[in-house]
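User: I should like to understand the terms used for this model before relying on them. Please set each value against its definition as we proceed.

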Amino acid sequence: MSNPFTWREVAATEGRVVAPDERLPWVQTGFMGVQHVIAMFGATVLAPILMGFSPNIAILMSGIGTLIFFLITGGKVPSYLGSSFAFIGVVIAASGYAGKGPNANIAVALGGIVACGVVYILIGAIVQAVGTGWIERFMPPVVTGAVVAVIGLNLANVPIKNMAAGNFDAWMQALTFLCVGLVAVFTRGMVQRLLILVGLILATVVYAVLTNGMGLGKPVDLGGIAAAAWFGAPAFTAPVFTANAMLLIAPVAIILVAENLGHLKAVTAMTGRNLDGYMGRAFIGDGIATVVSGAAGGTGVTTYAENIGVMAATRIYSTAVFVVAALIALVLGFSPKFGALIQAIPLPVMGGVSIVVFGLIAVAGAKIWVDNKVDFSQNKNLIVAAITLIIGTGDFTLKFGDFALGGIGTATFGAIILYALLGRTKN
């Protein structure tokens, strides 16, 4: 395998696609890395909070996990690994978490997360051994396009329902995605490439003027930044292995496979490079990252849809950007002050950015249909796409005892099964 840390430097010319094995000059690559950190930060911190885990460890392990994934895939698959929301329900069930403060039974949940990672690695090893020929048979463009679109649509409720407490916040979300849109359309060069970051900064400044200056909403609070230490090691926790927790949490590997598969298909569609040959490695890398995270006290990790959206917007797929983002996450993990700085970004502004990012993911799915000329005059294609989009967007959930398969999971496996059943006919 060639050295994964070797990239060909290219200029940031207008509209140029930067491939995974290319990079912009390091200063510009650094800014792109910051943009990706901001894109993943909200969700990567929110997931551990909902489970009673340490956000600092989650950020730290997301950086370590991303570097592990980069090395296992030989630097060929652009991806950021952040906290997976698929674990929340089963972790709460396994640990009996009451929903507030530190999780007293975190060690038991960590044992289940490690077990899930092991199962995930085994799935990746099988894929690596037998090949990926089954992918085109079971996941044609109509299926993959629907699954990728669902990854974005399934997250739509997060910013719209949970990141705007009132009418003012909703207007600030609208102002934020307007700022991003204006930067995307009316700027040029590197500023346009940094549309998410620049739009977020502009919206934050306006938000501060309206709240801190005019008293129209919840003001920006910088007290947390001043109070936070520059350096501080997070409190690691060792896992405890119990049969019940492992049996409950390990099946989440199925959902992680679905998310990773959708990620690879989305990046393939955007870059024009077939990444099927790296699928086994991608599963193994994600699995090892989940094991390492769980062993240290962190959440299970997954390839992040938020960062797919940033790639779609910037057309920069350089894996060098993700190495930089991972290193920044390592610094954040050991520096509460830097973490507090990003956490000071107003929630409505993060919500507005999330609307843009999640929407871009959904459009990437539609692009798969357009690029592959999916024929929707065929009823099988029409029905598969229609049902997949609705059950994924509506978070349709099926329960198997204490294990729940919802949203992206039901949409992915539902689309595969539906196409297999309906594909027996010509129409």
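Analyst: Buried means a relative accessible area under 20%, exposed means over 50%, and partly exposed lies in between, for a 1.4 Å probe and protein chains only. This is a predicted model, in which local features need pLDDT of at least 70 and side-chain atom pairs count only at pLDDT 80 or more, while totals for chains, interfaces and linings use all residues. Residues are numbered from 1 along each chain as its sequence is written, and side-chain values use heavy atoms, with hydrogens and water left out.

User: Why is W7 called buried?

Analyst: The relative accessibility of W7 is 11%. The limit is under 20%, and W7 therefore counts as buried.

User: What makes W26 partly exposed?

Analyst: W26 has a relative accessible area of 45%. Because partly exposed covers the range between 20% and 50%, W26 is assigned to that class.

User: How many aromatic pairs does the whole structure hold, and why is the pair of W7 and W26 given its particular type?

Analyst: The search finds 8 aromatic pairs. The ring centres of W7 and W26 are 5.9 Å apart and the planes stand at 85°, so the pair is edge-to-face. Rings of Phe, Tyr and Trp (its six-membered ring) pair if their centres lie within 6.5 Å; planes under 30 degrees apart are stacked, over 60 edge-to-face, and the rest tilted.

User: What makes W7 and W26 a link between distant parts of the chain?

Analyst: The two are 19 residues apart: W7 lies in the segment before β1 (8-9), and W26 in helix α1 (residues 26-51). Helices (H or I, at least four residues) and strands (E, at least two) are DSSP runs numbered from the N terminus. Ring pairs also link W7 and W26 with F5 and F70 into a cluster.

User: Why is the pair of Y120 and F283 called tilted?

Analyst: Y120 and F283 lie 5.9 Å apart, centre to centre, with 40° between the planes. An angle that is neither under 30 degrees nor over 60 falls in the remaining class, and the pair is therefore tilted. Y120 is in helix α4 (residues 106-130) and F283 in helix α14 (residues 279-296), 163 residues apart. Both Y120 and F283 are buried.

User: What surrounds I123, and is I123 buried or partly exposed?

Analyst: I123 lies in helix α4 and touches A253, V257 and F283, leaving out residues up to four places away in sequence. Contact means heavy atoms within 4.5 Å. At 27% relative accessibility, I123 counts as partly exposed.

User: How do you know that there is a cavity, and what lines the largest one?

Analyst: A cavity is a set of points, on a 1 Å grid over the protein atoms alone, where a 1.4 Å probe fits but cannot get out; lining residues have an atom within 4 Å of a point. Grid points are joined across faces, edges and corners, and the volume is the space filled by probe spheres set on the points. The count is 1 cavity of 30 Å³ or more, and the largest has a volume of about 30 Å³. Its lining consists of T66, F70, V77, S79, T319, F322 and V323. Helix α16 gives the largest share, 3 residues.

User: Which classes make up the lining of the largest cavity?

Analyst: The lining has 4 nonpolar, 3 polar and no charged residues. Ala, Val, Leu, Ile, Met, Phe, Trp, Tyr, Cys and Pro count as nonpolar, Asp, Glu, Lys and Arg as charged, and the others, Gly among them, as polar.

User: What makes helix α15 mostly covered, and what is notable about phi at R315?

Analyst: In α15 (residues 305-314), 8 of its 10 residues are buried, including I308, V310 and M311. R315, in the loop between α15 and α16, has a positive phi of about 65° although it is not a glycine. At 38% relative accessibility, R315 counts as partly exposed.

User: Which residues have the most contacts inside the largest nonpolar core?

Analyst: A nonpolar core is a set of buried Ala, Val, Leu, Ile, Met, Phe, Trp, Tyr and Cys residues joined through side-chain atoms within 4.5 Å. The largest core has 95 residues, and M40, F53, F87, V91, V143, I196 and I249 have the most contacts inside it. Another core, of 6 residues, lies apart from the largest one and includes V18, L24, M32 and V321.

Technical notes:
1 Å grid on protein atoms, 1.4 Å probe; cavity = no way out; pocket = protein on both sides within 12 Å on 5 of 7 lines; lining within 4 Å.
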